[in-house]
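Hello,

Here is the structure I promised to pass on. Please open it alongside this email, and then read my notes below.

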Amino acid sequence: MDNNKRGRFITFEGVEGGGKSSNIPLVKNLLSDAGIDVVVTREPGGTPLAEEIRQLILAKRDEHVDDCAELLLVFAARAQHFNRLILPALEAGKWVLCDRFTDATYAYQGAGRGLAMQTIALLENLVQGELRPDLTLLFDLDVATGMARARGRGDLDRFELQELAFFERIRALYLERLKTESYYRLIDASKTPIEVGQQVSTAIQKFMGAHQ
């Protein structure tokens, strides 16, 4: 893919309750106002088949879900999503905004579940080849605050019901990747919604200035 012609891939990551999903419309509007064709999507999900797999992954059930089975379901959904929606959109010159992507797998299935990072990396390369996000906004706040916000939204899914230690491991992994992955930008999600939005706007405007 010609890097100069393809669209840009922006992902939104972080622990529960950080406000990433509520800030995606803000980013969409900023880009649209600049004349950029934008596609908004999410993971797991994004296509009809991938959304069906999402329901399998998130549903509360009596049967224990094997960690490896969970990982493979996540990448099954991602393969469909990536090849049927994300990659065609990027190749058409559109900018793609995705609520979570493979960084979430390193965080949730890697750090959270304890699966080998090398295994996740193998699946990442199988599904995505060399393509990685151009920009990842990491919405960070302490886990207890984030989970209190998540509970305030209503019914929790299978992941949101995990113990706080699970999310502490996830947050630690995200902050580790912040130090090592150049495409990460930190958003302090402990601030007010207006202040968070201002941070997001600044990050996106800087990114647009460097990539247009």
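**What I found**

Follow the protein chain along its sequence and you meet the pattern β-α-β-α-α-β-α-α-β-α-α-β-α. That gives eight helices and five strands. Keep in mind that this is a predicted model.

**The sheet**

Start with the strands. Strands of a sheet pair through backbone hydrogen bonds, and the pairing can be parallel or antiparallel. Here, the five strands build an open sheet, and their pairing is parallel. Their order in the sheet is 2-3-1-4-5.

Which strands stand at the edges? They are strand 2 (38-42) and strand 5 (184-188). Each has a single partner strand, so one side of each has no neighbour in the sheet. The sheet is also twisted in this sense: neighbouring strands are turned by 20° against each other on average, direction ignored.

Now look at one pair. Strand 4 covers residues 135-140 and pairs with strand 5 in the parallel sense. Five bridges join the two. For Leu-138, the bridge partner in strand 5 is Leu-186.

**The cores**

Next, look inside. The largest nonpolar core holds 54 residues. Four of them have the most contacts inside this core: Ile-10, Leu-31, Leu-137 and Ile-204. Helix 3 (residues 67-91) is the top contributor, giving seven residues to this core.

Leu-137 is a good one to click on. What does Leu-137 touch, not counting residues up to four places away in sequence? The list is Thr-11, Phe-12, Glu-13, Arg-185, Ile-187, Val-200, Ala-203 and Ile-204.

There is also a second, separate core. This one has six residues, among them Ile-53, Ile-57, Leu-58 and Ala-77.

**The whole chain**

Finally, step back. The protein chain has 212 residues and a radius of gyration of 17 Å. A compact globule with that many residues would come out near 17 Å, so the two agree. Along the principal axes, the C-alpha atoms fill a box of roughly 50 × 40 × 30 Å.

How much of the protein chain is buried? Buried residues make up 49% of the 212. The accessible surface is about 10,200 Å², and 51% of that belongs to carbon and sulfur atoms.

Contacts also link distant parts of the sequence. Take the contacts with a separation of 6 or more: 80% of them are between residues 24 or more positions apart.

Best wishes

Note on methods
Residues numbered from 1 in each chain as written. Predicted model: local features only at pLDDT ≥ 70, side-chain atom pairs only at ≥ 80, totals over all residues. Heavy atoms only, no water. Pairing = 2+ DSSP bridges. Helix = DSSP H or I, 4+ residues; strand = E, 2+ residues; numbered from the N terminus. Axes fitted to C-alpha atoms, helices over the stretch in contact; angles between N-to-C directions. Core = buried A, V, L, I, M, F, W, Y, C linked by side-chain atoms within 4.5 Å. Buried < 20%, exposed > 50% of the residue type's maximum accessible area, 1.4 Å probe, protein only. Contact = heavy atoms within 4.5 Å. Rg over C-alpha atoms; globule rule 2.2 N^0.38 Å. Areas by Shrake-Rupley, 256 points an atom, 1.4 Å probe, with all protein chains shown as cover.
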